[in-house]
Amino acid sequence: LFGAVNTNTGKLVTMLSPKFNAETFGIFLRKLIRHRKRSKKMLIIIDNARYHHAVALKSWLEKYQKVLRLDPNQV
């Protein structure tokens, strides 16, 4: 289960997946970004799994770097 909670509203976004890899994490991120309000940035706390830093996600993460940040340092 991938999941994220908005700490301001308590809204939970989840995605059930039989695999955890760059592809499924990317699908979850695309789902998650659709829940972002245009005036807000997203900070996503990650546990530093290898797929969080996959080369396959690099261009997508760069595209959204002004509004979305993955932070492994908060765990």
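Colleague: In this predicted model, where does V67 lie?

Modeller: A residue is best placed first by the elements on either side. V67 belongs to the loop between helix 2 and strand 4.

Colleague: Which residues does V67 touch, leaving aside those up to four places away in sequence?

Modeller: Setting aside sequence neighbours brings out the contacts made through the fold. For V67 these are I33, R36, K41 and M42. A distance in sequence may also be set beside a distance in space: V67 and T9 are separated by 58 residues along the chain, and their C-alpha atoms are 18 Å apart.

Colleague: At what angle do helix 1 and helix 2 pack, and how far apart are their axes?

Modeller: A helix pair is read from an angle and a separation. Helix 1, residues 22-33, packs against helix 2, residues 55-63, at about 15°, and the axes are 9 Å apart. Because angles under 35 degrees count as roughly parallel, helix 1 is described as roughly parallel to helix 2.

Colleague: Is the crossing of helix 1 and helix 2 left-handed or right-handed?

Modeller: The crossing of these two helices is right-handed. Helix 1 contributes A22, F25, G26, L29, R30 and I33 to the contact, and helix 2 contributes A56, L57, W60 and L61. Sorted by class, the residues in this contact are eight nonpolar, one polar and one charged.

Colleague: What volume does the largest pocket have, and how many residues line it?

Modeller: A pocket is read from its volume and then from its lining. The largest pocket has a volume of about 780 Å³. Its lining comprises 29 residues, with A4, V5, N6, M42 and L43 nearest the centre. Strand 1 (2-5), helix 1 and strand 3 (42-45) are the elements that each supply two or more residues to that lining. By class, the lining holds 16 nonpolar, seven polar and six charged residues.

Colleague: Which residues line the second largest pocket?

Modeller: The same reading applies here. The second largest pocket holds about 170 Å³ of space. Its lining consists of H52, H53, A54, V55, K58, L61, Q65, L68, R69 and L70. Helix 2 and strand 4 (68-71) are the elements giving two or more residues to this lining. Its classes are five nonpolar, three polar and two charged residues.

Notes:
Residues numbered from 1 in each chain as written. Predicted model: local features only at pLDDT ≥ 70, side-chain atom pairs only at ≥ 80, totals over all residues. Heavy atoms only, no water. Axes fitted to C-alpha atoms, helices over the stretch in contact; angles between N-to-C directions. Helix = DSSP H or I, 4+ residues; strand = E, 2+ residues; numbered from the N terminus. Parallel < 35°, antiparallel > 145°, perpendicular 65-115°, else oblique. Left-handed = near helix turned anticlockwise from the far one by under 90°. Contact = heavy atoms within 4.5 Å. Nonpolar A, V, L, I, M, F, W, Y, C, P; charged D, E, K, R; others polar. 1 Å grid on protein atoms, 1.4 Å probe; cavity = no way out; pocket = protein on both sides within 12 Å on 5 of 7 lines; lining within 4 Å. Points joined across faces, edges and corners; volume = space filled by probe spheres on them.
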